[in-house]
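Reader: I'm new to this one, and I'd like a close look at a single part of it. Could you walk me through the place where the two chains meet?

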2 protein chains.
Amino acid sequence: MSSSDIDGDSVPFTLLVRGASAVLTADGPESSDAGLTLASRAGDAVGIRGHEVAWIGPETALPHGLVTRGTEFLDAEGGLVVPGFVDCHSHVVFAGDRSEEFALRSLDVDAVGITRSGGGIISTVFATRAKDEDALIRLALPRLERLLAHGVTTLEVKSGYGLTLEDELKLLRVVRRLGSLQPVTLVPTFLWMHALPPEWASDRAGFLALGRRTLEAVVREGLAEFADAFVEQGAFTPEEARSFLTEAKRLGLRLRLHVDQLSAGRGAELAAELGAVSADHLECVSPQGIAALARAGVTAVLMPVATLVLRRPTYAPGKALREAGVPVALASNVNPGSAPTENLSLSLGLACLLNGLTPDEALLGVTRWGAQALGRTDVGRLKVGGPADLLVLGCREVAHLSAHLGVRHARAVVKGGRVVLRANDGARCP
Amino acid sequence: MSSSDIDGDSVPFTLLVRGASAVLTADGPESSDAGLTLASRAGDAVGIRGHEVAWIGPETALPHGLVTRGTEFLDAEGGLVVPGFVDCHSHVVFAGDRSEEFALRSLDVDAVGITRSGGGIISTVFATRAKDEDALIRLALPRLERLLAHGVTTLEVKSGYGLTLEDELKLLRVVRRLGSLQPVTLVPTFLWMHALPPEWASDRAGFLALGRRTLEAVVREGLAEFADAFVEQGAFTPEEARSFLTEAKRLGLRLRLHVDQLSAGRGAELAAELGAVSADHLECVSPQGIAALARAGVTAVLMPVATLVLRRPTYAPGKALREAGVPVALASNVNPGSAPTENLSLSLGLACLLNGLTPDEALLGVTRWGAQALGRTDVGRLKVGGPADLLVLGCREVAHLSAHLGVRHARAVVKGGRVVLRANDGARCP
C-alpha cells in the first residue's frame, strides 16, 4: 500500500478495533483537571489505516465502505481501549543481576552496606562494560517483551552503565539497534552523570571532562534525544549537573533529571531553571520545588516501585504536585537495583496507594503525561492522524486498572496499526 | 494407560522435564533452617508417569528404556524447576468489584469511611448473594487462570460471602464445581464468621446459631475441609470463635484463623489453643503469640499484599516467626477488597522487602510451607510417587524469583503430569 493510499479518506481500514466499553483517548482539552482528559469517551471503535488512527467513534456510525473484506477485526469484547503506554524512564539495557542486593535488603543491609558488598550501580557498570552489543541486545529483548506485555509501546532508555566513551556509545547503539528488532519505540537518553566510576574516584573533573567529549561523540552520531544527570548527595552536585547539562542543551539535546530522590537537594528547582522536560523521582521535593516545576512547565515523573524497593520512608507527593498544576507521569524505572521489574501495572496501583494519585491520574501518567515527559504529543493519546498505538484492556473501568494490583490488563497490544501481542493468561475482568 | 502400568518401574515416562539449572524439590529433611530444604538440588530432570513424579535426577543418569517415542519432552532451557505453588489463603469466589474502595484509599478515606460509603466485605456479600452458581463460576474462572499463570497449582478457597445457609452452600458448591472445570486443585474452607451481615446487627447470637446449622449442612454435604473465623475488633471475639470452631472441629473439620491483623488480640494464642493448622495475617502478633504458635506447631500464613493495600503501618514479623521455629507460608489472599490481585509473585517480593523473609524462605512459603498450612505433605514438594505438579521457571536463581518484583516466572506449568500452560510473554531471565 502506498502512502497516498493511506492518506485517502475513502481507503478502507486495515484494522478495526470494535466492541470497546469505551475508547479513552487521553486527548481532551488542556486542563489541570486530569479527569477531563480521560472523560472523552469517544465511542466503542477505532478504525486504523496502515500505521495511523483513521477514525474513532461508535461502530453504529461507521462511515460506509471503510470496512471491507481486507479489514482485520480486533474485538475488545467489552474492555476499554486506551493509548499504548508511554514509559518515560528506564535503564533497560544492562548486564548482570543484582538479586543478591534485594536479598541483602531483606536482612536490613542499607545502601552503603550494599555498595561495600560490591553491589550498586557500579557493579552493573562493570557487568555492562564486559558485554558486547549483541550480548546486551539478547539481554534486553525479553525485558522489552515483558514491558510490551504490560502495554508499553513507547519507552525511554538511558545509558549510564558504560561510563567510558566507548561503552556509552556502545550502549546507545544498542538502544538504536533494539528499536528495529522489536515493536516498542525507544527514546534514547544519554546519562553520563549516573555514578562516579572508581577509576575516577580521585579525579571528578577528569570524569566530567571525559563526559563532555563523550557528549560530543553522542551528538555527532545522533544517538540521544535527551541528556540526564543524577543529582544527589553521593552522586553529583547541582553545580556539576548545571554545567554539563547546559552544554548538552547547547548541543541540541533536551534535558531530564534524577532529582530529590533520597534527599531534598533543590533538584526540582534546578530542573526548572534548566528548562528540563521532566524532573524524575521527587520523593523529597520541597514545596518550593513543586512551585518551581509548575511555573516552568516541567513534567514530574514518579517511580513508586523504587521507593518501595529501597524501602524509603516517603513516597513522592503526587497529589501535591497535581494540585499545583504539575503534570505527573508514572514510569517503571526498570533497572537491576532499585526497580527490578517490568511490571508497569504495579506502578499504577502503587501510585494510587502511596503517591495519592487517582486511578484516572495514574492512567494519564502512563499515557498523555508519560508522552509529555518525553516532549511528545503524538503518542500517549489516540487521535485521528496519530500513530495507531493502542491497548485493548481486559477491564471495563479505569478504577479497576489500578486496583487490580500488579496485574497486566492488556489483552491485545496494537503498535503502529499491527496487533503485536495477544495475551493468553486470563487478562480479562468481567 | 491402566494404573498398574503407571505403577510399573519399567514403564516409560509420559513426560520428561529436562535441561533445568536445578530441580528444587523443597523436600529436604525437616529442619528449622529453611535453606536446607531447598538446597536439595536434585539434578536437572524430572521423569513423569501419568499424574505422578516417577524419577528425579541428572539426565545423564536416566534409567535405560524409560524415554521412548511416546515420551513428551519439556525443555526447561536452563531455568529452575520447582514444585507447583500452593496458595493457602484466598477468597477467590465472589461477585462485584470494589475498585472504588481502592480509589477512596488514594484519597485517604479509612476503613470506617469505606464501609459508610457502602464498601467493605458486606458489599461483596450482597453482590455474591445476587449471583447464581453459574455466574459465580464464570467470574472465578479468569481469576484461577491468572493464579495458574503465576504458578499456583493448589489453592485454598474460602466461603464467607454468602452468610446465609443457602448462599454459603452455593458458594462451596461453586468451589467444588470449579475444581473439575480447570486445572488448579481447590481446597475448600467454610468461613462463617467473616462479617456480621446488617440483618443480624442486633442479634449476634442468632447469626451464630444459624452458623451452627449451616456448619452441619456443610459437613453433611462434605463441602469443606477447613473451618475459619475472622477474629478482630469489629469482627468476632476470641470467645465467639472458640465456641464455633470447637464445634467445627468436633464435626471433623480442621481449623485455620484470621488473627492479629489490625490489632493484637491474642489471636495467635487462640489458634495455638485450638490446634489450628494455620494462623493467618499476624501483622500485630505479640511475642507471646509467636511462642504459642511455635509450641503448638501452627503454620503462620503471611499476606503482605493486604498489608500494603490497607496501608497498615506494620508488616507481619516473618523473620521473628521463622527465628522462633514457626513455618511461614505466603499467600495471595485474593479478595476484592484488601488483596485485589492474583499476582502471587508480588507476595514473594514483598515478603522479602517487608516481612524480612529471605528469597529461599519466600519460595518455601508458597511450596512446602504453603502445603503444610493446608495440612498436606503431598503437594508443595517434588518427590517420587507424589503428584507431578511443577513449574519450569524462566530464571536460574531463587534470589531472582523474589527480586524480579511482581513478574511471573512460570514459563510452563505442569499439573498432574500435564503441561497446562506455556507462557508467551517473555517470562525468561537470562
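How many residue pairs are in polar contact between chain A and chain B?

Author: Sure, and keep in mind that this is a predicted model. The count between chain A and chain B is 14 residue pairs in polar contact, with both residues at pLDDT 80 or more. Salt bridges are another story: across this interface the rule finds 0 of them. That's worth setting beside the whole structure, where a search over all chains turns up 48 salt bridges.

So who takes part? Chain A brings 49 residues to the contact and chain B brings 48 residues. Together they bury about 4,000 Å², and carbon and sulfur atoms give 62% of that area. On the chain A side, A:Phe102, A:Arg146 and A:Leu353 supply 17% of the area that chain A buries against chain B, more than any other three residues.

If you want to find the touching side of chain A by its elements, look for helix H3 (99-106), helix H6 (133-149), helix H12 (304-309), helix H14 (344-354), helix H17 (398-403) and strand S17 (418-422), each of which supplies at least two residues. Sort the residues of that side by kind and you get 25 nonpolar, 13 polar and 11 charged.

Now for how the two chains are arranged. Turn chain A by 180°, with 0.0 Å of shift along the axis, and it superposes on chain B with an RMSD of 0.0 Å. That is the relation of a two-fold axis. In chain A, the C-alpha nearest that axis belongs to A:Gly406, 3.3 Å from it. The copies meet through the same surface, because 98% of the interface residues of chain A are also interface residues in chain B.

Strand S17 is worth a second look in chain B, because there B:Arg422 sits in S17 (residues 418-422) and pairs with B:Glu72 in strand S5 (residues 72-75), 350 residues apart. The two form a salt bridge within chain B, with their closest N and O atoms 3.8 Å apart. Buried or not? B:Arg422 is partly exposed, at a relative accessible area of 45%, and B:Glu72 is partly exposed too, at 38%.

Terms used: Residues numbered from 1 in each chain as written. Chains lettered and ligands numbered in written order. Predicted model: local features only at pLDDT ≥ 70, side-chain atom pairs only at ≥ 80, totals over all residues. Heavy atoms only, no water. Contact = heavy atoms within 4.5 Å. Buried area = accessible area lost by both parts, 1.4 Å probe. Salt bridge = Lys/Arg side-chain N within 4 Å of Asp/Glu carboxyl O. Polar contact = N/O pair within 3.5 Å; in protein donor to acceptor, adjacent residues only side chain to side chain. Helix = DSSP H or I, 4+ residues; strand = E, 2+ residues; numbered from the N terminus. Nonpolar A, V, L, I, M, F, W, Y, C, P; charged D, E, K, R; others polar. Least-squares fit on C-alpha atoms with pLDDT ≥ 70 in both. Buried < 20%, exposed > 50% of the residue type's maximum accessible area, 1.4 Å probe, protein only.
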